[in-house]
Amino acid sequence: ARRMAELRAAQMQQAANRALGHGELRTIAQDDFLPECAGSSEWVAVHFYHDEFERCKIMDHHLKLVAPLHLSCKFLRVD
């Protein structure tokens, strides 16, 4: 019974995190930076992206792979 309650709580936390935009790399505008980072998420990773830099494209690719694996962190890209 205790384990089932723990699993339900973990599932509810994952659903809440997905509702906040966790689990994916989202592109935001500069004006949305502070509200997104100072919101209800405990962990936020921000990538300041620039189209002309090859390293930004590489980092973007890897963040897209990592984001679904770490649902406790919100991954954002400021273009």
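**Exercise 1. Place His22 and describe its surroundings.**

Step 1. Locate the residue. His22 sits in the loop between α1 (2–19) and β1. Helices (H or I, at least four residues) and strands (E, at least two) are DSSP runs, numbered from the N terminus. The model is predicted: local features need pLDDT of at least 70, side-chain atom pairs count only at pLDDT 80 or more, and totals for chains, interfaces and linings use all residues. Residues are numbered from 1 along each chain as its sequence is written, and side-chain values use heavy atoms, with hydrogens and water left out.

Step 2. Decide on burial. Buried means under 20% relative accessible area, exposed over 50%, partly exposed in between (1.4 Å probe, protein chains only). His22 has a relative accessible area of 3%, so His22 is buried.

Step 3. List the contacts. Contact means heavy atoms within 4.5 Å. Leave aside neighbours within four places in sequence. His22 then touches Asn17, Ser41, Trp43, Leu71, Ser72, Cys73 and Lys74.

Step 4. Look for polar contacts. These are pairs of N or O atoms within 3.5 Å; within protein, one must be able to donate a hydrogen and the other to accept it, and residues adjacent in sequence count only if both atoms are side-chain atoms. The His22 side chain reaches the backbone oxygen of Leu71 at 2.8 Å. The His22 side chain also reaches the backbone oxygen of Cys73, at 3.5 Å.

**Exercise 2. Work out the order of the strands in the sheet.**

Step 1. Recall the rule. Strands of a sheet pair through backbone hydrogen bonds, either parallel or antiparallel. Here, two strands pair if DSSP finds at least two bridges between them.

Step 2. Take the bridges. Four join β1 to β3 (residues 73–78), and these strands run parallel. Leu25 stands opposite Phe75 in β3. Six bridges join β2 to β3, again parallel. Trp43 stands opposite Cys73 in β3.

Step 3. Write the order. The three strands form an open sheet, β1-β3-β2, with parallel pairing. β1 (25–28) and β2 (43–48) each have a single partner strand, so they stand at the edges and one side of each lacks a neighbour in the sheet. From one strand to the next, the twist averages 30 degrees.

**Exercise 3. Fit helix α3 to the sheet.**

Step 1. Find what the helix touches. Helix α3 (residues 54–66) packs on the sheet and touches β1, β2 and β3.

Step 2. Give the angle. Axes are lines fitted to C-alpha atoms, for helices over the stretch in contact, and angles run from 0 to 180 degrees between N-to-C directions. The direction of α3 makes about 155 degrees with that of β2.

Step 3. Give the handedness. β2, α3 and β3 make a right-handed β-α-β unit. With the strands pointing away from the viewer, the path from the first strand over the helix to the second runs clockwise.

Step 4. Check one helix residue. His61 is in α3. His61 has 45% relative accessibility, so it counts as partly exposed. His61 and Leu25 are 36 residues apart in sequence, and their C-alpha atoms are 9.6 Å apart.

**Exercise 4. Classify the aromatic pair.**

Step 1. Count. The structure holds one aromatic pair. Rings of Phe, Tyr and Trp (its six-membered ring) pair if their centres lie within 6.5 Å; planes under 30 degrees apart count as stacked, over 60 as edge-to-face and the rest as tilted.

Step 2. Apply the cut-offs. The ring centres of Phe33 and Phe48 are 5.7 Å apart and the planes stand at 50 degrees, so the pair is tilted.

Step 3. Place the partners. Phe33 lies in helix α2 (residues 33–37) and Phe48 in strand β2, so the pair ties together parts 15 residues apart in sequence.
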